[in-house]
Amino acid sequence: MKQVSYPGIVSIGYLLAENLPANTAYSALAGIPVSLFLRPTDVPLSGTAECVVEQSNDSNGSAESLTLTFSSALRLPRHKAVALIVKDANNQSWLIGQLECPHLAITSTQQTGTPDGSPAVYVYEVKQSAPICYKPCKMMV
């Protein structure tokens, strides 16, 4: 099993998964960035976001397991599946999620602020397992 280290996360945004193009994994596996035609909704970050991608061989093919953790005062939609757009310190954008099932497993924990002024936030843990989880993308808008 191999862990890949990516540069620091600068920003995160979200889109409803139903607005993504189909079969984004095929583009990513071919080395073609996924083209996105909608601007994501910004997720204001509180603290440092971290993404860990583990790569392994699975039934004579590759498999990735992704875990993204971040804190934000914004509550992500719960009524529909979402996909996340992550921008790193190298100004590269990455798509996490897809139109097809399985969708992202997102766990949130609500934390209260402190009297000295630290904000109340939601702490998110996003998990996905797929042949490719961290797909390069480019914004077309």
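The legends below describe close-up views of a predicted model.

**View 1. The whole chain holds 1 helix and 11 strands.**
Read along the sequence, the elements follow the pattern β-β-α-β-β-β-β-β-β-β-β-β. The C-alpha trace spans about 55 × 35 × 30 Å along its principal axes. The protein has a radius of gyration of 15 Å, which agrees with the value near 14 Å for a compact globule of 141 residues. Buried residues account for 35% of the 141 residues. Of the contacts between residues at least 6 apart in sequence, 72% join residues at least 24 apart.

**View 2. Six strands form an open sheet in the order S3-S11-S8-S7-S2-S4.**
The pairing in this sheet is mixed. Strand S3 (34-36) and strand S4 (41-43) stand at the edges; each has a single partner strand, so one side of each is left without a neighbour in the sheet. On average, neighbouring strands are turned by 35° against each other, direction ignored. Strands of a sheet pair through backbone hydrogen bonds, either parallel or antiparallel. Within this sheet, strand S7 (residues 82-88) and strand S8 (residues 93-96) run antiparallel and are joined by 4 bridges. Lys 87 has Ser 93 in S8 as its bridge partner.

**View 3. Strands S5 and S6 form a hairpin.**
Strand S5 (residues 50-58) and strand S6 (residues 61-72) run antiparallel, with 9 bridges between them. Gln 55 stands opposite Glu 64 in S6. The hairpin has 2 residues between its strands, and Ser 59 in the turn has a positive phi of about 50°. S6 is also joined to S10 by 9 bridges, and these two strands run antiparallel. In that pairing, Ser 72 stands opposite Tyr 122 in S10.

**View 4. Aromatic rings form 3 pairs in the structure.**
A pair of aromatic rings is described by the distance of the centres and the angle of the planes. Trp 94 and Tyr 134 form a stacked pair, 4.7 Å centre to centre and with 10° between the planes. This pair links distant parts of the chain, 40 residues apart: Trp 94 lies in strand S8, and Tyr 134 in the loop between strand S10 (121-130) and strand S11 (135-139). Both Trp 94 and Tyr 134 are buried. Elsewhere, ring pairs link Phe 70, Tyr 122 and Tyr 124 into a cluster.

**View 5. Thr 24 is a buried residue of helix H1.**
Helix H1 covers residues 24-29 and includes Thr 24. The relative accessible area of Thr 24 is 2%. Leaving out residues up to four places away in sequence, Thr 24 touches Val 34, Leu 95, Gly 97, Gln 98 and Lys 135.

**View 6. Ala 17 lies in the loop between strand S2 (9-16) and H1.**
Ala 17 counts as buried, at 2% relative accessibility. The C-alpha atoms of Ala 17 and Leu 99 are separated by 5.0 Å, although these residues are 82 residues apart along the chain. Apart from neighbours within four places in sequence, Ala 17 is in contact with Ala 81, Val 82, Ala 83, Gln 98, Leu 99 and His 103.

**View 7. Cys 101 and Cys 137 are too far from other cysteines for a bond.**
The count of disulfides is 0, where a disulfide requires a pair of cysteine sulfur atoms within 2.5 Å. For Cys 101, the closest cysteine sulfur is that of Cys 133, and the separation of 15 Å is too far for a bond. For Cys 137, the closest cysteine sulfur is in Cys 51, 13 Å away, which is also too far for a bond. Cys 101 is exposed, with a relative accessible area of 64%, whereas Cys 137 counts as buried at 5% relative accessibility.

Conventions. Residues are numbered from 1 along each chain as its sequence is written. This is a predicted model: local features need pLDDT of at least 70, side-chain atom pairs count only at pLDDT 80 or more; totals for chains, interfaces and linings use all residues. Side-chain values use heavy atoms; hydrogens and water are left out. Buried means under 20% relative accessible area, exposed over 50%, partly exposed in between (1.4 Å probe, protein chains only). Contact means heavy atoms within 4.5 Å. Two strands pair if DSSP finds at least two bridges between them. Axes are lines fitted to C-alpha atoms, for helices over the stretch in contact, and angles run from 0 to 180 degrees between N-to-C directions. Rings of Phe, Tyr and Trp (its six-membered ring) pair if their centres lie within 6.5 Å; planes under 30 degrees apart count as stacked, over 60 as edge-to-face and the rest as tilted. The radius of gyration is taken over C-alpha atoms; the globule rule is 2.2 Å times the number of residues to the power 0.38.
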